[in-house]
Amino acid sequence: MAYKLLWADDEIELLGAHIIFLKTKGYDVVQVTNGQDAIEACKNEPFDLILLDENMPGISGLETLGRIKEILPATPVVMVTKSEEEDIMEEAIGSKIADYLIKPVNPNQILLALKKNIHKKDIVTEKTNSAYQQNFGKLGMQISDCRTIEDWIDIYKKLVFWEFELESANSEMNELLKAQKNEANKMFSRFVKNNYMRWMSSDRSERPMMSHDIFRERIFPLLDKGEKVFLIVIDNFRYDQWRVLANEIATSFSIDEELYTGILPTATQYARNAIFAGLLPNQIKQMFPNLWVDEEEDEGKNLNEKALIETQIARYRRHDTFSYNKMINSSAADKYLDTINNLSGNDLNILVLNFIDMLSHARTESFMVRELASNEAAYRSITHSWIRHSAMTRLFRHLAESNYTVVITTDHGSVQVSDAVKVIGDKNTNTNLRYKLGKTLNYNPKEVFEVKEPSKAHLPAPNISTSYIFATGNDFFAYPNNYNYYVSYYKDTFQHGGISLEEMLIPIVTLRPKKN
């Protein structure tokens, strides 16, 4: 394929050697000597790239640039100039030039500009594919060798890194990475099956940091140092979605990122209540029965979060002043942000954001949302759009200008499910697709993680014979009745409650504003 270039320069006759060089490299070069001719050429035919002299008689290079952008807005323009004046550079950059070259230019400089602006996507794709292929075997061995939660955190971060790399390169390797991630999830599920009950019976030195440790280990120590803390809990927020947010706020904050292990079930009722109470679910039910709502009850399961925070602060004999708020829509967000300065007297401000969880559920229930978030890359893209075009931008702008230490975390993530596992339960069995609890569950124990004695997993048991089962990897539970329809409806939706890297290894991040 021959790429067509437009070169506008009033001294074009002196550039013959450069043009011959470009033609030998396969480029077709149209030559003009002034801005008006450049504009007319752009009206008559498309170009892959335009080389534009900044200082030409008649219409200036900058004015020509503006006119060309109106005609060919997507065509990259490389400004070529003798001037190194800062204001000219800034004006050219502000007009969205693709590159800036200072005369005299040599052919290799021009070739580099062409590769950066015409061939970059192809080069990046080729190099990224090659890099992933070289790392594929190494990643596979590392997955097989994982023995600790730290090993799994390292693997998960690498898998997410390659998701972003292959996505940005528009690579055909995505399916291979997806298969490798699915295999990692199977082995991670096996790891959790072998260790979870031990974690539940161990002291903190012999298990990972989990949901009920967050305040004690990451919030109270900051308050003890006299820092004012702003805690943002984003419901159902995966590590890859955090990486999207990180890219947006990195220029405003210094970032200390880590992952912790969410408790089972990886569902808001259990995990977020554990965060706010600093207790495991059955401990909450035993110590504060009026603040715990069982699965079969119709009452909202997360209506007592502020009261649970109060119990944790009181239990540690602390006197921290705090606010608790939940944002569920844009009008609530605007109202909150209009009054955010009134919170400055508190030691701790807590904000719960529900958009991601609402998106996950809407994607299951709405055909249009399912189309918009058809895969994990699209799911991240909607997250990105929300961050950029919602009150989130205003919130982080305010926090960047404040003296708060900001902590961002979540209660659990979600996984895109693909494989159905049959389970039979009575009418009182809960409806979650990734975990079930009941007294007459019928299932294949090889396909699930079963907890027959809930108390040993610190889980409430509404009945003496209650047991819990958890889906692993990319599985979801389906009933035999109307099985095919049920499987088709829920396949490829994002669910939570079970065991996967995405659900259990979740971010907790400490941000400190960068002072200008």
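This briefing covers the overall build, strand pairing, nonpolar cores, salt bridges and two buried residues of the protein. The model is predicted. The protein has 516 residues, and 54% of them count as buried. Its secondary structure comprises 20 helices and 19 strands.

**Overall build**

- The C-alpha trace spans about 90 × 55 × 40 Å along its principal axes.
- The accessible surface comes to about 23,900 Å². Carbon and sulfur atoms account for 49% of that surface.
- Among contacts with a separation of 6 or more, 74% join residues 24 or more positions apart.

**Strand pairing around S12**

- Strand S12 covers residues 419–424 and pairs with strand S17, residues 475–478. The two run parallel, over 4 bridges.
- Within this pairing, Ala 420 of S12 has Phe 476 of S17 as its bridge partner.
- S12 also pairs with strand S14, residues 442–443, in the antiparallel sense. This pairing has 2 bridges.
- Here Ile 424 stands opposite Asn 442.

**Nonpolar cores**

- Nonpolar side chains tend to be buried together in soluble globular proteins.
- The largest nonpolar core holds 113 residues. Trp 152 and Tyr 196 touch the most other members.
- Leaving aside residues up to four places away in sequence, Tyr 196 touches Met 210, Ile 263, Leu 264, Phe 449, Ala 457 and Met 504.
- A second, separate core has 20 residues, including Trp 7, Ile 12, Leu 15 and Ile 19.

**Salt bridges**

- The count of salt bridges is 35.
- Asp 213 pairs with Arg 216, with the closest N and O atoms 2.7 Å apart. Asp 213 is buried because its relative accessibility is 0%, under the 20% cut-off. Arg 216, at 28%, counts as partly exposed.
- Glu 258 forms a salt bridge with Arg 218, the closest N and O atoms being 2.6 Å apart. This pair links distant parts of the chain: Glu 258 sits in strand S7 (residues 253–261) and Arg 218 in helix H9 (residues 214–224), 40 residues apart. Both partners are partly exposed: Glu 258 at 23% relative accessibility, Arg 218 at 26%.
- Glu 376 and Arg 238 meet through their side chains at 3.4 Å, N to O. They are 138 residues apart: Glu 376 is in helix H17 (residues 376–389), while Arg 238 is in the loop between strand S6 (229–234) and helix H10 (239–249). Glu 376 counts as buried at 13% relative accessibility. Arg 238 is buried too, at 0%.
- Glu 376 and Arg 238 belong to a salt-bridge network. Its other members are Glu 163, Glu 167, Lys 181, Asp 240, Arg 380 and Glu 502.

**Two buried residues**

- Gly 413 lies in the loop between strand S10 (405–409) and strand S11 (415–416). This loop residue is buried, with a relative accessible area of 0%.
- Not counting residues up to four places away in sequence, Gly 413 touches Asn 236, Phe 237, Arg 238, His 496, Glu 502, Glu 503 and Ile 506. Two of these, Arg 238 and Glu 502, are in the salt-bridge network.
- Glu 305 lies in helix H13, residues 305–315. At 0% relative accessibility, Glu 305 is buried.
- The side chain of Glu 305 makes a polar contact with the side chain of Tyr 324, at 2.4 Å.
- Beyond residues up to four places away in sequence, Glu 305 touches Arg 272, Asn 273, Phe 276, Tyr 324, Lys 326 and Val 352.

Technical notes: Residues numbered from 1 in each chain as written. Predicted model: local features only at pLDDT ≥ 70, side-chain atom pairs only at ≥ 80, totals over all residues. Heavy atoms only, no water. Pairing = 2+ DSSP bridges. Core = buried A, V, L, I, M, F, W, Y, C linked by side-chain atoms within 4.5 Å. Buried < 20%, exposed > 50% of the residue type's maximum accessible area, 1.4 Å probe, protein only. Contact = heavy atoms within 4.5 Å. Polar contact = N/O pair within 3.5 Å; in protein donor to acceptor, adjacent residues only side chain to side chain. Areas by Shrake-Rupley, 256 points an atom, 1.4 Å probe, with all protein chains shown as cover. Salt bridge = Lys/Arg side-chain N within 4 Å of Asp/Glu carboxyl O.
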